[in-house]
Amino acid sequence: MLGNFDSLREISRNARGWSVGSLAFPRARSWRPSAVSSETTGNIDSRAQPRPQCLEHNRDGNDKKITRGVYAQELEVAARAVQLGCMLAQRVQERILRKEENAGSKDDKSLVTVADWGVQAVVSWVLSQAFGEEVSIIAEEDTKGLKGMNGIQTLQRVVAVVNECLSQASVVGLTPPSRKLGTIEVLRAINKGNSEVRSSRSWVLDPVDGTLGFVRGDQYAIALGMIEDGRVVLGVLGCPNYPMRPQWLNYHQKYYRLASKIAPPPPGKWHKGCVLTSAKGAGQAWMEPLVWNSDGSFLLNPPRVVAVSPVDDPAQATFCEPVEKANSSHSFTEGVADSLGLRKRPLRVYSMAKYAAIARGDAEIFMKFARAGYKEKIWDHAAGVLIVEEAGGVVTDAGGRPLDFSKGRYLEGLDRGIIVSCGTGLHRRIISAVDASWNSSKL
Ligand SMILES: Nc1ncnc2c1ncn2[C@@H]1O[C@H](COP(=O)(O)O)[C@@H](OP(=O)(O)O)[C@H]1O
Ligand SMILES: [Mg+2]
């Protein structure tokens with residue numbers, strides 16, 4: 001396995017755990033056999049079993065040895081980086097909701113917050129510590145918005161939240177830096193996200209996906225993937241607000257927060273937030289629930305296997321799509337849904353939490369049909385695609401071809417739109433329905 005790290009820093013193991021570069025990881029997290037009931041796990045509990053050491057139940061219920069494969073260590077580092085990112089972003093979201101923090105806009109008028117820069121800095125810092133300064137990262141943010149008078153004030157808040165978050169790195173089992181990061185180091189960490197696309201191995205990061213949902217206090221995701229030779233081989237998707245009870249996905253998070261105020265969730269019990277992980281060839285995906293503490297930190301619960309829904313009857317299927325019709329044509333998908341025989345109302349959710357919904361079996365279909373000329377970015381899909389596929393689902397463009405992650409920052413050659421589903425039978429029917437509706441659409 002270590003051969004896989006030839007180009008990376010030395011990985012050393014010892015009695016207490018292992019380390020990569022200057023980061024120390026404790027020995028395997030304790031997989032406590034969870035006494036979690038279906039009451040506390042929503043609809044995933046029937047499929048997912050606690051994971052004693054490296055044994056796991058597969059989808060057929062048979063014991064199967066888990067090897068997270070040749071990417072085990074990368075996955076461990078990536079999961080912890082995303083967990084830290086979740087902690088940072090969730091704190092900033094709370095501040096935005098209390099009006100102590102606000103969002104700015106980029107040149108293309110899209111929103112950006114200190115969380116976008118802060119998460120990018122933290123994830124980049126963790127990856128560099130683990131795999132060396134030469135690590136290649138392709139990420140959404142640059143530092144243009146951190147220049148000038150306004151920019152400098154924002155930069156100070158980014159540096160402060162990055163240091164606040166890194167000082168609590170031990171929550172996720174990482175060693176905090178020996179001293180606070182300075183402004184230059186934070187800028188360097190963010191700028192590392194603008195690596196040239198390499199043919200061999202690159203990390204792909206969306207530090208806050210669904211920034212609109214984020215500033216509205218709703219769903220968002222932190223998405224980290226790894227691409228090797230043009231293929232996504234690892235995915236980690238943090239969804240800090242993903243509700244334990246999936247029916248809450250139907251409602252804006254402000255109702256969730258209101259309900260949580262009236263009937264506060266018991267301390268120490270999972271009620272929302274998870275990190276999904278998988279690696280190419282694992283044949284499984286995992287979900288680690290985040291059990292939030294009142295101080296904005298969290299406890300990590302043992303991972304559980306998640307799997308896509310077994311439903312293949314369109315009449316029983318739930319389909320999800322972006323909230324904003326500017327990002328995907330609601331009228332086109334309405335026509336497709338109608339001809340497919342979908343009966344349920346579409347589930348409109350911000351961000352890659354939609355990929356999480358398919359991987360967890362909370363929805364069966366996700367369709368995205370952007371306006372002509374819009375170029376999908378690889379960081380908006382890489383982690384989600386890998387996790388859905390390993391959880392048993394299918395992801396293609398509307399022509400039935402796999403998404404092409406080998407052409408740089410964009411999904412080049414995408415045929416019309418993106419279709420994600422829980423299985424091949426349903427997938428074929430969706431593609432036929434899209435074909436049937438396409439010519440009469442105005443897309
Ligand atoms: N006009 C457009 N058409 C399609 N997708 C768009 C778009 N403008 C932005 N997006 C992408 O849609 C993502 C949000 O997804 P969703 O609409 O599903 O919540 C955005 O991610 P960011 O918020 O990270 O920029 C952005 O990448
Ligand atoms: Mg995005």
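## Two domains

The domain assignment splits the protein into domain 1 (69-306) and domain 2 (314-438). The model is a predicted one. Between the C-alpha centres of domain 1 and domain 2 there are 23 Å.

## Where the domains touch

The two domains meet along a shared interface. Domain 1 brings 40 residues to this contact, and domain 2 brings 30. On the side of domain 1 that touches domain 2, several elements give two or more residues each. They are the strands β8 (137-139), β9 (201-209), β10 (221-228), β11 (231-243), β12 (272-279) and β13 (285-292), together with the helix α6 (211-215). The largest share, eight residues, belongs to β11.

What classes of residue make up the side of domain 1 that touches domain 2? There are 24 nonpolar residues, ten polar ones and six charged ones.

## A helix pair: α8 and α11

Helices α8 (residues 330-340) and α11 (residues 424-438) pack against each other. In general, two packed helices are described by the angle between their axes and the distance between the axes. Here the angle is about 120°, and the axes are 9 Å apart. The helices are therefore oblique to each other. The crossing of α8 past α11 is right-handed.

Which residues meet in this pair? From α8 come Phe332, Gly335, Val336, Ser339 and Leu340. From α11 come Arg429, Ile430, Ala433, Val434, Ala436 and Ser437. By class, the contact of α8 with α11 holds seven nonpolar, three polar and one charged residues.

## The shell around ligand 1

Around ligand 1 there are 17 residues. Which of them come nearest? They are Gly210, Thr211, Pro322, Asn327 and Ala370. Two elements, β9 and α6, give two or more residues to the shell. Both β9 and α6 also give two or more residues to the side of domain 1 that touches domain 2.

The shell around ligand 1 has five nonpolar, six polar and six charged residues. Where does ligand 1 lie with respect to domain 1 and domain 2? Domain 1 (69-306) and domain 2 (314-438) both give residues to the shell, so ligand 1 lies between them.

Definitions and conventions
Residues are numbered from 1 along each chain as its sequence is written. Chains are lettered from A and ligands numbered from 1 in the order in which they are written. This is a predicted model: local features need pLDDT of at least 70, side-chain atom pairs count only at pLDDT 80 or more; totals for chains, interfaces and linings use all residues. Domain bounds come from an automatic or database domain assignment. Two residues are in contact if their C-beta atoms, placed from the backbone, lie within 7 Å. Helices (H or I, at least four residues) and strands (E, at least two) are DSSP runs, numbered from the N terminus. Ala, Val, Leu, Ile, Met, Phe, Trp, Tyr, Cys and Pro count as nonpolar, Asp, Glu, Lys and Arg as charged, and the others, Gly among them, as polar. Axes are lines fitted to C-alpha atoms, for helices over the stretch in contact, and angles run from 0 to 180 degrees between N-to-C directions. Angles under 35 degrees count as roughly parallel, over 145 as roughly antiparallel, 65 to 115 as roughly perpendicular and the rest as oblique. A crossing is left-handed if the near helix is turned anticlockwise from the far one by less than a right angle, and right-handed if clockwise. A residue is near a molecule or strand if its C-beta atom, placed from the backbone, lies within 6 Å of it.
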